[in-house]
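Opening the notebook on this one. I'll jot down what I look up as I go.

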Amino acid sequence: MPANTKFELKLGAPTREAFGRTLAELGKENPNIVVGDADLTKSTMTTYFAKAFPERLFECGIAEANMVAIGAGLAMSGKIPFVSSFSAFIMTKGFEQMRCLVAYPNVNLKVVGTHSGISIGEDGPSQMSMEDLALACALPNFTVLSPADEVATKWAVRWAANHVGPVFIRCGRVKAPVIYDADATFEIGKGVELLGGTDVTLVATGLLTAECIKASDILAGEGISARVIDIHTIKPLDEELLAKAARETGALVVAEEHLVDSGLGARVAQALARHAPAPVEFVGLTRYAESGSPDELLDHYGMRAPEVAAAARKVLARKK
Amino acid sequence: MQKTSNPAELAGICRQIRRHIITMTGAAKSGHPGGSLSAVEILVTLYWDVLRHDPAQPRWPERDRFVLSKGHAAPVLYGVLAECGYTPVESLNTLRKLGSIYQGHPDVRFIPALEASTGSLGEGLSVVLGMGLAAKLDNSPTRSYVVLGDGEIQEGQIWEAAMFGAFHKADNVCAIVDYNRIQLDGFTKDILDLEPLAAKWQSFGWHVIELDGHDIAALQAAFAEAAATKGKPTVLIAHTVKGKGVSFMENNPKYHGVAPNAEEIELALKELA
């Protein structure tokens, strides 16, 4: 484990598990919270809520478009609905309903996509969501959250329940390394500088946050001081923190388990072009993946610390 | 507004709403007069006789809900909302103009008394089912109504929602299919036939009532039957005439999405005098 950092990166709960547990807690606290699921309660982990509050869990069957619109109707009548499915399905099959019934009229629906990225593993590309952040960020009025671990997920779900307006939360299938202390606090739209550094900044979200911490260790061994920033709020993006990092370190790497052309990296590049132009390299997905174990896939498709470190060296070479 | 159950009075209101539809779409030089005219009796019967609502308290929590899923028929809804007193009558002719509250399709951002923004077809049935679930959770007497276009129910989501509504015994929801048999490209039977329509809804577990959608007394009876039907949602298959009330528009696919010109406005208003 990283020698020069404070992070042990022990495996914690999958972020979907943290979502499900938190949702059940919220159900106890607020009778207005209702949940829709599309025949995946045992996978999205809305099963905890379903067991505790069966009368407030609406099983929609395998019909995501209808589920999103049902959720919108519940929200229009004053409920706080969370609708959940695999990210690959809810963001694509429910997208038009989110656009017309949720985003444009600014309706208070919470959408949670689980099993995002390629780390769903063996199920393969039809179930892998590599486009969900792009789709969610394309919708005005949506806040888009991509928590890195169980602690950040718990906060994200609680924040979403209290916020009036549409929210998308991206969760993963596999156990996620714990980055945050249980009592850590977060602020919406504010990235977290996990490690200070002066030569390059590694910007990450989701599972890649832990990889960036490990990459900073690799780089430290080469005498390179890498700053690490976790972006849990993809939209609104913390442009100020990113611009500061660009000005102070002069080069950045953005790492995400998402298509590089349309995810966090694209948004970071846009922000920097506006406020503090600097060379940026991107670690992410460029093609549809395949079946395999989550760990094999993350290795095979370059979603690991060595690829982040290589991108850092590359961007450093471009730095004036 | 003065609510009424008197069919003759309701028919008089219908004539007024039809005049609004003609002048509104005429002034806009675009819009969907045909499918607005076909739904007039349905909306007028709902708003003046059936719905529990109060224009003085548009957000009254226990009000009944109405969603116009076939959002392109906005002119009929705007005429009704204005005559009820929710919105101004005098600006109806700003329909579709920049800054007007009378947007091309119903938009809650401009008219807060609307229950939902609509326009993308196939979505409204799900929305009222969500509203129906919320009412049941709250033990509220609220009933939720949605008007669907006939072409609209070619959308797959309608049938996802139909399955959901019957399974969840949404007896506080009533859908009305405005079966005017014409969609943009022509007659529904030639585009993608809906028949056997009543059998489809029946097989999905809905209580089905077929009726003449311009017969106010029949509509009143059907809405009462829907409210009395427990354990399943009700759908009214309302046989209507596209362009109803204006002779040259009736049953003419041209007036699905084409507004009347000046000469046609004059002719139409004469017929609706």
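**Entry 1: Thr22(A)**

I started with the neighbours of Thr22(A): skipping those within four places in sequence, the contacts are Lys154(A), Val157(A) and Arg158(A). Worth noting up front that this is a predicted model. Thr22(A) sits in helix α1 of chain A, which spans residues 15-29. Is Thr22(A) buried or exposed? It comes out buried, because its relative accessible area is 2% and the cut-off for buried is under 20%. I also checked the polar end of the side chain: a polar atom of Thr22(A) lies 2.6 Å from the backbone oxygen of Ala18(A).

**Entry 2: Leu272(B)**

Next I went over to chain B. Leu272(B) is in the segment after α10 (262-271). I get a relative accessible area of 3% for Leu272(B), so I log it as buried. With neighbours within four places in sequence left out, Leu272(B) is in contact with Arg15(B), Arg18(B), Arg19(B), Ile22(B), Gly245(B) and Val246(B). I also took a C-alpha to C-alpha distance from Leu272(B) to Pro7(B): 17 Å in space, for 265 residues in sequence.

**Entry 3: nonpolar cores**

Which residues touch the most other members of the largest nonpolar core? Out of 79 residues, I get Val111(A), Phe142(A), Leu125(B), Leu148(B), Ile153(B), Trp201(B) and Trp206(B). Helix α4 (residues 64-76) of chain A supplies the largest share of this core, eight residues. Domain 1 (11-177) and domain 2 (192-315) of chain A each put in at least three residues. I then pulled the contact list of Trp206(B), again without neighbours within four places in sequence; among them are Leu125(B), Trp201(B), Lys232(B) and Pro233(B). There is also a second, separate core of 72 residues, including Leu23(A), Ala176(A), Leu202(A) and Leu207(A).

**Entry 4: the two domains of chain A**

Last stop was the split of chain A into domain 1 (11-177) and domain 2 (192-315). Their centres, taken over C-alpha atoms, are 25 Å apart. The contact takes 36 residues from domain 1 and 31 residues from domain 2. I have about 2,400 Å² buried between these two domains of chain A, with carbon and sulfur atoms giving 66% of that. How many salt bridges does the rule find across this interface? Zero. Polar contacts between the two domains do turn up, in 16 residue pairs, both residues at pLDDT 80 or more. On the domain 1 side, the elements giving two or more residues are α7 (132-137), β6 (143-145) and β8 (175-177) of chain A. α7(A) gives the most there, with five residues.

Technical notes:
Residues are numbered from 1 along each chain as its sequence is written. Chains are lettered from A and ligands numbered from 1 in the order in which they are written. This is a predicted model: local features need pLDDT of at least 70, side-chain atom pairs count only at pLDDT 80 or more; totals for chains, interfaces and linings use all residues. Side-chain values use heavy atoms; hydrogens and water are left out. Helices (H or I, at least four residues) and strands (E, at least two) are DSSP runs, numbered from the N terminus. Buried means under 20% relative accessible area, exposed over 50%, partly exposed in between (1.4 Å probe, protein chains only). A polar contact is a pair of N or O atoms within 3.5 Å; within protein, one must be able to donate a hydrogen and the other to accept it, and residues adjacent in sequence count only if both atoms are side-chain atoms. Contact means heavy atoms within 4.5 Å. A nonpolar core is a set of buried Ala, Val, Leu, Ile, Met, Phe, Trp, Tyr and Cys residues joined through side-chain atoms within 4.5 Å. Domain bounds come from an automatic or database domain assignment. Buried area is the accessible area (1.4 Å probe) that two parts lose on being put together, summed over both. A salt bridge is a side-chain nitrogen of Lys or Arg within 4 Å of a carboxyl oxygen of Asp or Glu.
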